[in-house]
Structure formats: structure tokens, C-alpha cells
Amino acid sequence: MTTKRASPSPSSLLFHLLITPLFLCEANTVSMPPSESETLFTIMDSMSSDQQWRHSHPNPCSPGSSWPGIECKTGPDHLPHVSRLDFGSAPNPSCKPSASFPHLIFSLPFLQSVFFFNCFTNFPTTIIFPIKLLPNSSLQQLSLRSNPSLSGQIPPLISSLTSLQILTLSQNRLTGAIPLAIFSLKRLLHLDLSYNKLTGTIPLQLGNLNSLLGLDLSYNSLTGTIPPTISQLGTLQKLDLSSNSLSGAIPQGLEKLRSLSFLALSNNRLRGSFPKGISKLESLQYFIMDNNPMHAPLPVELGFLPKLQELQLENSGYSGVIPESYTRLTNLSSLSLANNGLTGEIPQGFDSLPHVFHLNLSRNSLIGVVPFDSSFLRRLGKNLDLSGNRGLCLNPEDEFSVVKTGVNVCGRNVTNGAHPSEKRSQASPSSRCYGSCFLSSVLFQVALFLGLRHHR
């Protein structure tokens, strides 16, 4: 007798359809090549003691088994490979005190990005490469930042990282000259070697990096001039060479950097006139150039930069008058011309600039009546500093603002209204005070004379 089987119910069939792929996925789970996983575990054991990485994550690229700080991608062999490693900042693995630079990272064939932040802090270590280099490195971003024990020179073998686009070696203790090998990395978009102890000059080969968007060599001990080949960096958006010992003039070719939005050259030994074509930097928003022995008139051309938001030219020996063109910088938010040798009157128009919130003209030889209305004085408050200009005086109608501006009322010698930054005793009022200032002074003297006669 034949037994007739019951056909599966719709719900049972649906269950099998849903569960079968899960078993197939479990059965087909693949791992990275053993040689690569062994390299990865060796790196982890040398860098971090957060976990027993081999035991807690035996297959670090499988779903649910990977740790923070690691990313994997499937390669052309259809196997998972490590593509990114992050160390030192939560939630990524922390670095143990004995950590040293793991040169095996350059042996991971599919690694694209690696970050070490505040990892090497106790024992001196250097950037080294393995004896056997990969023929075609896939590394695109190498970031070693805030590692006080990372010292030594930047190795020329860094040129083997031919795919590198972002190189950040900032806030370490690297020494020596910038290796010429760096300038063979034609794909570089960002180069940051700031806050180290690098010496020597900026090589002419800098011009080879014609895809560069950002260059930061600040806070080193670089000498010599800014190379003229910098004019070849036509896509550059950020340039920071501040806090070095660079000398000479700003190269004329700087005007070709039409995409430049940030320029910082402070704390160097630059001198001489500005390039006449600097007004062509139509994208420039921030120009920071304090503390250079320029000893030249302020360039009128800076007043024709339509996007300029911040202009800092303190303590650089500038002479002559403040160009009237500066009052046309409609996007300006901060202007500092302090501690120079500027003369003449403050040009009319600064108080009509809608975005200005900080203005420092202190410690110059400016004269005349301050041409700012009371609403402008109230708006800036403590962010306005005019102190140290003995020939300046304030309209009596704005007397309430004496303390905020750091200057006296016209026709009156006020000794208790000095700005906190004013270290000298106040000078007598300027002989250039006129109009209402002079009338106010005369009326005050007449009233005083009549009062004395009445009491007699």
C-alpha cells in the first residue's frame, strides 16, 4: 500500500526558503589569506594589548568578528583583505607603551589607509621599511600624528609608496632635510610635515607635485627662500610655511596660485615688497603673515581680494598709511595691523563693512579722530584695539567707549581710560583733533573760567 506524503504547507516552504541561504553563507564564509592574517596579528600583538587578538578575532574580516579600527575589502581574488588600520584614538585599539613603528604594515598588499595617533610616546622609534618591498603598494593615506617618540629622518624609501595621495607626518620629532624622494610622489594631494624639527631648504623639486591641494611645512627649522617653483602648484588651496626661518621675498610666481584660499607665512624672516600680482589671488580668504621684517609700505593690492576674510600683518615694520582699498573688503571679518610704523589717519569706511568683528590697529603712529560711529564701537567692544596711537582721539559723543578703544576723548587728557594692552602713560591729545573736538575743549575752558569767577 502506497503512503501518500502530505505536501509542505506554505509557511513551512517559506521557512526553508529563508533559512537555506543563511546556511549557505555560513558554509561559504571565506577568510583572508593565511600569510596576510599572520602579518596582521603580528602587527596587532606588537602595537596593542587591549585584547588577545588572535583568539578574540581569529577571522577579523568576517561579519561580526572584526574589531574597531579595521576595515576590509574584497580583492580581485574574491577574498577579504585589510584595507584600513586605525590606532591610538578611541574607539580604535590603543597603543601599548612599548609600541614601536610596525614596518610590516607595508607588507599588507591591499592596505589603503593607516593612522597612528599618539601611539609612540615612550620609547624612541623611527619610520622603517621592510627589506622586501611590495612591487605595487596600494597605500593611499599614511598618517603619523602626535607621536613624541617618533624621531629620525624621513626615509627616502617612502618613494616606493607610489599610490600615496595623503602623507601626514605632523607633530612628531622628525629631523633632517625633506627627502627629495617625496617629490616623486606625483599623486600626492596633501602633504603635511608640520611641527617637527626638519632643517635645510625647501627643494626646487616641490614644483613636481602639481596635483597638490594642501601643503603644510609649518613649525620646523627650514631656511632659505620660498622656491619659485611653487608657482607650478596651480591646484594648491592651502599653503602654510609659518614658523620657520625662511628669508628673501615672496616669489613673484605666487600670483599663479589662483585656487589658494589659505596662506600663512608668519614668523619667518621674509622681507621686501609684495608681488604686484597678488591681487590675482581671487580665491584667497585667509592671509596670515605676522612677524616678518618686511619694512615696506602696506600693499594696496590686498584691498582687491574679494573673498578675503582674515588679514593678519602684525609686527612686520610696515610703514606709510593704511590703504583706503582695505575698506572695500566686504567679506572681511578680522584685520590686525598692530605694532607697525603706520602713519596718517584711519581711512573712512571700516565701520560700514558688515562682517568685521575684530580690528586691531594698536601700537602705530596713527593720528586724527577715530572715524567709527557708536554702533560700530558697541558691536566690536573688546575686539577693537586702537591703543598705543598717541595722535588718535575719540569723538566726545562716543566718550563711553574710551576704555574699549584705548584712546582719549578729543580735547581731554584722560589717564584712567587706557586699554588693558596700553603699557605706556597716555600722551597729550593730538593737535589734529578738530571740529567738534576743538569746540568741546573751548566750551569746557570757558565754563571752568566763569565758575571760578562766580565763586570769587
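This passage walks through a sheet, a nonpolar core, a cavity and a few backbone details of one predicted model.

The sheet comes first. Five strands, taken in the order β17-β19-β21-β23-β24, make up an open sheet, and their pairing is parallel. The two edge positions go to β17 (319-320) and β24 (408-409); each has a single partner strand, so one side of each is left without a neighbour in the sheet. As a general point, strands of a sheet pair through backbone hydrogen bonds, in either a parallel or an antiparallel sense.

At the β17 edge, the link to β19 (residues 341-345) is parallel and consists of 2 bridges. G320 finds its bridge partner in β19 at L342. Further along the order, β21 (residues 365-369) runs parallel to β23, and 3 bridges hold the pairing. Here G368 is matched with L392 of β23 as its bridge partner. At the other edge, β23 and β24 are again parallel, joined by 2 bridges, and L394 has V409 in β24 as its bridge partner.

Strand β23 is worth a second look, this time for its two faces. G391 and C393 point one way, L392 and L394 point the other way, and all of them are buried. So which elements give two or more residues to the largest nonpolar core? That core has 104 residues, and the members that touch the most others in it are F116, I182, F287, M289 and F372. The elements giving two or more residues are α2 (34-47), β2 (80-87), β3 (113-117), β4 (141-145), α4 (374-380) and β23 (391-394). The largest share, 5 residues, is supplied by α2.

I182 gives a feel for the packing around one of these well-connected members. Leaving aside residues up to four places away in sequence, I182 is in contact with I154, I158, L167, L188, L191, L193 and L209.

Next come the gaps. Rolling a probe the size of a water molecule over the atoms shows where empty space is left. In this model, the count is 3 cavities of 30 Å³ or more. The second largest cavity holds about 50 Å³ of space. Its lining is made up of I105, F106, L108, P109, L111, L134, S137, S138, L139 and L161. What is the make-up of that lining in terms of nonpolar, polar and charged residues? The split is 8 nonpolar, 2 polar and no charged.

Finally, a few loops carry backbone details to check in the viewer. A cis peptide bond links A90 to P91, with omega at about 5°. P91 sits in the loop between β2 and β3, and those two strands each give two or more residues to the core described above.

Two asparagines have a positive phi, a value flagged here in residues other than glycine. For N118, phi is near 55°, and the residue lies in the loop between β3 and β4. Is N118 buried or partly exposed? With a relative accessible area of 41%, N118 is partly exposed. N267 also has phi near 55°, and its place is the loop between β13 (262-264) and β14 (269-270). N267 has 32% relative accessibility and therefore counts as partly exposed.

Technical notes. Residues are numbered from 1 along each chain as its sequence is written. This is a predicted model: local features need pLDDT of at least 70, side-chain atom pairs count only at pLDDT 80 or more; totals for chains, interfaces and linings use all residues. Side-chain values use heavy atoms; hydrogens and water are left out. On a 1 Å grid over the protein atoms alone, a cavity is a set of points where a 1.4 Å probe fits but cannot get out, and a pocket is an open set with protein on both sides within 12 Å along at least five of seven lines; lining residues have an atom within 4 Å of a point. Grid points are joined across faces, edges and corners, and a volume is the space filled by probe spheres set on the points. Ala, Val, Leu, Ile, Met, Phe, Trp, Tyr, Cys and Pro count as nonpolar, Asp, Glu, Lys and Arg as charged, and the others, Gly among them, as polar. Two strands pair if DSSP finds at least two bridges between them. Helices (H or I, at least four residues) and strands (E, at least two) are DSSP runs, numbered from the N terminus. A nonpolar core is a set of buried Ala, Val, Leu, Ile, Met, Phe, Trp, Tyr and Cys residues joined through side-chain atoms within 4.5 Å. Buried means under 20% relative accessible area, exposed over 50%, partly exposed in between (1.4 Å probe, protein chains only). Contact means heavy atoms within 4.5 Å.
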